[in-house]
Amino acid sequence: GGSGNLTVERVLADAGVREIRGCDVALYPCVIGHLAAGDPVSVDVADPGYDWLKPYLDTPTRAAATLLLASEFLPHAESSELYGQRMLAEYRRDWDRLHAGTVARVTRALDGVRLTSFYEMDLVDFLRDAPEESIVLSFPPTYAGGYEKLFDAMHRVFGWVPPDYVRFDERIEGKSALDTLN
C-alpha cells in the first residue's frame, strides 16, 4: 500500500516473491504501478502550457519517465523567481537527453518486476479486500497534506483526479489503526 516508486515491490521481486499487489492514489505511482502490472496506461496533458510534453507520453514507459522528470521540474515551473525560471529553461533545453536517460532508468528499475495487480485506491479499502494470509507493507504519508502538496502541480498539469481516499490523520482520530479496517 502506498506503492510510491515501487521500491518495496522491486525488492520483493528481486527476492523471488511472485504474487505482489500494489496500490496508490497519486498519478506517478499509479502509472508505474500499472506499467509493472502490464495494464494499459494513458496520460494526457490538461494544461496547454505543457502541450510540448504530449509526444513524450506515447508509451507507458515514456509516460512514466515524463512524469518522473515533471516531478523534478514542476516546482521550478511555478516559481516567479529567476532561479526557478532558469531551472525550467534548462530542463526544456536539455529535455530530449534528460528524457532518454530517464526512460533508461525507469526501464532498468522495473526490469524483472511484475505486479500481480495494481489498484488506484485508498490503502484501507485495499486492505479490506486483501486475503487474510497477506503480508502487508504500507508507507502512508508522514505528515498531513504532504502527499497532496507533493503531487498537486503534477495532477493539475496532467489533469488527473486522484481516487477517493481519506488521510490517515483524519481516519484514525480517536480510533486505533485496526478499528479503521472494520
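**Exercise 1. Locate I135 and determine whether I135 is buried or exposed.**

Step 1. I135 lies in the loop that runs between α6 (123–128) and α7 (146–157). Helices (H or I, at least four residues) and strands (E, at least two) are DSSP runs, numbered from the N terminus. The structure is a predicted model, in which local features need pLDDT of at least 70, side-chain atom pairs count only at pLDDT 80 or more, and totals for chains, interfaces and linings use all residues. Residues are numbered from 1 along each chain as its sequence is written, and side-chain values use heavy atoms, with hydrogens and water left out.

Step 2. Apply the cut-offs: buried means under 20% relative accessible area, exposed over 50%, and partly exposed in between (1.4 Å probe, protein chains only). I135 has a relative accessibility of 80%, and therefore counts as exposed.

Step 3. I135 also belongs to a nonpolar surface patch together with L137 and F139, and the accessible area of the three comes to about 360 Å². A patch is made of residues with over 30% relative accessible area and no salt bridge; like charges are joined within 9 Å, and nonpolar side chains (Val, Leu, Ile, Met, Phe, Trp, Tyr) within 5 Å. The areas come from the Shrake-Rupley method with a 1.4 Å probe, and for residues only the protein chains shown count as cover.

**Exercise 2. Relate V8 to L137, F139 and S138.**

Step 1. V8 sits in helix α1 (residues 7–14). Its relative accessibility is 23%, so V8 counts as partly exposed.

Step 2. Contact means heavy atoms within 4.5 Å. With residues up to four places away in sequence not counted, V8 touches L137 and F139. Both of these residues are members of the nonpolar patch.

Step 3. V8 and S138 are 130 residues apart in sequence, yet their C-alpha atoms are 9.2 Å apart in space.

**Exercise 3. Describe the largest pocket and its lining.**

Step 1. A pocket is found on a 1 Å grid over the protein atoms alone, as an open set of points with protein on both sides within 12 Å along at least five of seven lines; lining residues have an atom within 4 Å of a point. Grid points are joined across faces, edges and corners, and a volume is the space filled by probe spheres set on the points.

Step 2. The largest pocket holds about 700 Å³ of space. Its lining has 28 residues, and E19, I20, R21, I135 and V136 lie nearest its centre.

Step 3. The elements giving two or more residues to this lining are α1 and α6. α1 gives the most, with 4 residues.

**Exercise 4. Examine three salt bridges.**

Step 1. Side chains of opposite charge can pair when their charged atoms come close. A salt bridge is a side-chain nitrogen of Lys or Arg within 4 Å of a carboxyl oxygen of Asp or Glu. By this rule the count comes to 7 salt bridges.

Step 2. E19 pairs with R21 at 2.5 Å, N to O. E19 is exposed at 53% relative accessibility, whereas R21 is partly exposed at 34%.

Step 3. K54 and D51 form a salt bridge at 3.6 Å, N to O. K54 is partly exposed at 37%, and D51 is partly exposed at 35%.

Step 4. D152 and R156 meet at 2.3 Å, N to O. These two residues are 4 apart in helix α7, and so are separated by about one helical turn. D152 is partly exposed at 39%, and R156 is partly exposed at 43%.

**Exercise 5. Compare the surroundings of T66 and T102.**

Step 1. T66 is placed in helix α3 (residues 60–77). Its relative accessible area is 0%, so T66 is buried. Apart from neighbours within four places in sequence, T66 is in contact with L53, Y56, L57, W95, H99 and F158.

Step 2. T102 is placed in helix α5 (residues 95–110). Its relative accessible area is 2%, so T102 is buried. With residues up to four places away in sequence not counted, T102 touches A65, L68 and L69.

**Exercise 6. Summarise the chain.**

Step 1. The chain has 8 helices and 2 strands, in the order α-β-α-α-α-α-β-α-α-α.

Step 2. Of its 182 residues, 38% count as buried. The accessible surface is about 10,600 Å², with 53% belonging to carbon and sulfur atoms.

Conventions. On a 1 Å grid over the protein atoms alone, a cavity is a set of points where a 1.4 Å probe fits but cannot get out, and a pocket is an open set with protein on both sides within 12 Å along at least five of seven lines; lining residues have an atom within 4 Å of a point.
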